[in-house]
Each structure stands twice: as structure tokens, then as C-alpha cells.
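Visitor: I should like to understand how the descriptive terms applied to this structure are justified. Please set each value against its definition.

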Amino acid sequence: SGNILHPQTKGIMHPPQNKTDWHGIGTYHSQTFKELASFLREAGISSTWDYSECIVAFPKRTGPGTSNELEGLLQDILNDGDRQARMRSYDGNPTPVDASPRDRMREMLAGRDHLCVYNETLQQAPVFHFPGGGKYRLLIHFYAFMFFEDYRQDLWTKRFVRDHLRYVDEIQCAAARVVAAVRQKARHHGNPHGLFDSFHIRRGDLQYKDCFIEADEILDNVGNLLLEKNSTIFI
């Protein structure tokens with residue numbers, strides 16, 4: 001539609017092959033995926049948010065100067081006691097969802113001491129790209145990384161993800177049938193409530209090769225955490 005302009009030349013940019021439907025393009029290893037990612041990086045701003053160092057802060061209003069109050073809250077928090085004591089203070093003591101911005105930010109910071117602010121530059125960018133690989137890949141739950149100054153925006157975002165960013169009904173229902181079958185197996189093995197243990201054991205796509213350990217070693221590591229001696233295990 002001509003709404004995306006090149007950041008430097010201001011010329012109109014179109015996606016590769018002028019496509020608008022990118023469903024089923026495969027993983028980031030595919031050539032089609034790489035073409036789309038390259039276009040997004042060229043057309044907009046790529047994230048440099050490092051979730052291990054900062055939390056993303058969304059001001060309650062847009063426009064210039066809206067991040068000043070957030071930065072002030074951060075400095076006030078950092079000046080109030082040491083990091084470890086702050087983190088431990090929330091064990092069994094969560095902050096209410098409608099608490100003040102300061103109280104909610106204090107809890108979310110955890111071991112981090114910086115803000116990555118959704119500032120005016122990012123607010124005006126037509127494309128804001130999150131890379132699928134490298135240092136700035138988002139390998140974290142969004143609700144542990146994104147802070148909203150207005151708690152109502154925070155709740156709206158979480159509800160949106162809950163209601164829309166999920167598997168389609170066919171997959172959900174198929175998974176429910178599998179769980180029901182495993183529960184029945186667990187009852188057959190002696191658990192009256194159909195309770196079972198689950199393992200997620202990665203192999204082919206796991207880059208940490210020293211984690212490729214045998215079943216008996218896995219059992220030695222977690223045996224004391226299983227529900228019971230004859231626990232049913234779903235892998």
C-alpha cells in the first residue's frame with residue numbers, strides 16, 4: 001500500500017515479490033524466511049533489547065519526554081537497597097496487578113538494572129523488527145520482560161496473548177485427547193487421580209551437546225522429584 005518507506009532514502013518499499021501472505025514460509029533456515037527477515041531489517045528498526053540486562057518499559061502516553069518519569073522510578077528503586085534483597089522480598093509475596101508503577105517495576109526488575117524504553121523514535125517507526133536469532137532474540141516470556149506504566153495496558157496485553165496467540169482448536173483438542181489417554185494409563189498403573197510426570201527431552205536441535213545424557217542418568221538426577229515410585233512418565 002506504499003506505507004513503508006526506506007529509513008534513509010524515504011522511497012516506497014515493498015516486501016519480497018510484493019507478497020502479503022507469508023503463512024507457511026518455514027523456519028528461519030529457509031530462504032523465504034531469510035528474505036522476509038532481511039526486508040524487515042532494512043525497512044525498519046531492529047530491536048537491541050537485551051532481556052538479561054533490561055526490562056522493556058512502555059510509557060502510559062506517547063510523545064516526547066514520556067520516558068522521563070519511568071527513568072526517575074528506576075533510579076529511585078536502584079537507590080533503595082541491594083539487588084538480592086529486593087529479589088528475595090517477593091518470595092511468596094507477589095505485587096498486586098494494580099499496584100503503583102514503582103511497586104510493579106521494582107518486582108519485575110529482578111536482577112536487572114536498566115530500562116529499554118519504547119521511546120518516541122520507536123513509537124513512530126512503521127516497522128519494529130525482533131530478530132529471530134543472535135544476541136537480541138527474545139528467549140524469555142513476554143510477561144517477565146515487558147513493563148507497562150499503566151497496569152490496565154498490561155492486563156489488556158496479557159489477555160490478548162491468552163485469547164489469540166495460541167494453538168488452533170484442532171491442536172488443543174488433539175492434545176487434550178492425549179492427556180486423557182495418559183491419565184488413564186496412570187490410573188491403570190495405580191495413581192487414582194491419573195497424575196503423571198512429564199519430560200521434555202531435546203536431542204537433534206539442542207546446541208548444548210553435554211546435555212545429551214542417557215536415560216539412567218536423567219533418572220538419577222530427577223528421581224527424587226517424581227510423583228511416586230511407579231510414576232507414569234510422558235516424554
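Guide: Let us begin with a pair of helices: the crossing of H2 and H4 is right-handed.

Visitor: What makes the crossing of H2 and H4 right-handed?

Guide: A crossing is called left-handed if the near helix is turned anticlockwise from the far one by less than a right angle, and right-handed if clockwise. Helix H2 (residues 68-78) and helix H4 (residues 101-109) pack at about 60°, with axes 10 Å apart. Axes here are lines fitted to C-alpha atoms, for helices over the stretch in contact, with angles from 0 to 180 degrees between N-to-C directions. Helices are DSSP runs of H or I with at least four residues, strands are runs of E with at least two, and both are numbered from the N terminus.

Visitor: Which residues of H2 and H4 meet?

Guide: Leu70, Leu73, Leu74, Asp76 and Ile77 in H2 meet Pro101, Arg102, Met105, Arg106 and Leu109 in H4; contact means heavy atoms within 4.5 Å.

Visitor: On what basis are such statements made, and what are their limits?

Guide: This is a predicted model, in which local features need pLDDT of at least 70 and side-chain atom pairs count only at pLDDT 80 or more, while totals for chains, interfaces and linings use all residues. Residues are numbered from 1 along each chain as its sequence is written, and side-chain values use heavy atoms, leaving out hydrogens and water.

Visitor: Why is Met13 called buried?

Guide: Buried means under 20% relative accessible area, exposed over 50%, and partly exposed in between (1.4 Å probe, protein chains only). Met13 has 11% relative accessibility and therefore counts as buried. Met13 is found in the segment before helix H1 (31-43). Not counting residues up to four places away in sequence, Met13 touches Ile4, Leu5, His6, Phe39, Glu42 and Ala43.

Visitor: Why does Lys10 count as exposed?

Guide: Lys10 has 54% relative accessibility, so it counts as exposed. Lys10, also found in the segment before H1, has a positive phi of about 65° although it is not a glycine.

Visitor: Why is Ala110 called partly exposed?

Guide: Its relative accessible area is 28%, so Ala110 is partly exposed. Ala110 lies in the loop between H4 and strand E3 (114-117) and has a positive phi of about 50°, although it is not a glycine.

Visitor: Why is Phe160 called partly exposed?

Guide: Phe160 has a relative accessible area of 36% and is therefore partly exposed. The place of Phe160 is in helix H6 (residues 151-164).
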